[in-house]
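Reader: I would like to go through the cysteine cross-links of this model one at a time, with the geometry first and the surroundings afterwards. Could you please set it out in that order?

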Amino acid sequence: MDKIVERMTRAVAQRSSRRSFLGYVGRLVLGASVIPLLPVDRIAASANAAEKKGIEDDTTCDYWKYCAVDGYLCSCCGGGSHDCPPGATPSPTSWVGTCRHPADGRDYIVSYRDCCGKASCGRCLCANTVGEMPLYRPQLDSDLIWCFGAPTMVYHCSTAEIVGVK
């Protein structure tokens, strides 16, 4: 092994000089220092970051599960994206929508349920109507107050829960 390394080292030494090696290292360092100066589309990068924040933030209408929600978001009213706030009762009935998750590109079936029993929340109103059908298909209509069967028909906010993958 020592003989092979010695032969290779001597062959390189015969074909090159210290000056050529230093010149090569200098060009490499200079080239690497220019890389941060290259133009970068920082506007698109910041727009993508802002878009991703909206997609992942369950307190905005851009949250991917809210593609067919119509009402006040429970995540802004003391609950969660799929939990009613304290004092509100989930309706036993719901409407459904199909939303595409931007990260994995799959379609998910989302059940939207109204929380009932408290006065209307009044925060984070969303009126997304992707896939909404007319009133003759009520299971796909978000314009109804879905508090049927709840102790009271007073609407508070709406939740979104994944129930399946399409």
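Reader: What is the handedness of the disulfide of C76 and C124, and on which torsion does that rest?

Author: The model is a predicted one, and in it the sulfur atoms of C76 and C124 lie 2.0 Å apart. That separation falls within the 2.5 Å cut-off for a disulfide, so the pair is counted as bonded. The torsion about the S-S bond is about -80°, and the link is therefore left-handed.

Reader: Which parts of the chain does the pair C76 and C124 tie together, and how many residues apart are they in sequence?

Author: C76 is found in the loop that runs between β1 (70-72) and β2 (89-90), while C124 belongs to the loop between β4 (107-116) and β5 (125-127). Because the two cysteines sit in these separate loops, the disulfide ties together parts of the chain whose distance in sequence is 48 residues.

Reader: Is C124 buried or partly exposed, and is C76 buried or exposed?

Author: The limit for a buried residue is under 20% relative accessible area, and a residue between that limit and 50% is partly exposed. C76 has 15%, which makes C76 buried. C124, by contrast, has a relative accessibility of 28%, so C124 is partly exposed.

Reader: Where in the chain are C77 and C121, which a disulfide joins, and how many residues apart are they?

Author: The disulfide between C77 and C121 has an S to S distance of 1.8 Å, and with -95° about the S-S bond it is left-handed. C77 is in the loop between β1 and β2 and C121 in the loop between β4 and β5, so that distant parts of the chain are linked. C77 counts as buried at 9% relative accessibility, as does C121 at 16%. The separation of the pair along the chain is 44 residues.

Reader: What is the relative accessibility of C147, the cysteine that a disulfide joins to C116?

Author: C116 and C147 are joined with an S to S distance of 1.9 Å, in a left-handed link with -95° about the S-S bond. C116 lies in strand β4 and C147 in the loop between β5 and β6 (155-165), 31 residues apart. C116 counts as buried at 1% relative accessibility, and C147 is likewise buried, with a value of 0%.

Reader: How many disulfides does a search of the whole structure find?

Author: The pairs discussed here include C76 with C124 and C116 with C147. For the whole structure, the search gives a total of seven disulfides.

Terms used:
Residues are numbered from 1 along each chain as its sequence is written. This is a predicted model: local features need pLDDT of at least 70, side-chain atom pairs count only at pLDDT 80 or more; totals for chains, interfaces and linings use all residues. Side-chain values use heavy atoms; hydrogens and water are left out. Helices (H or I, at least four residues) and strands (E, at least two) are DSSP runs, numbered from the N terminus. Buried means under 20% relative accessible area, exposed over 50%, partly exposed in between (1.4 Å probe, protein chains only).
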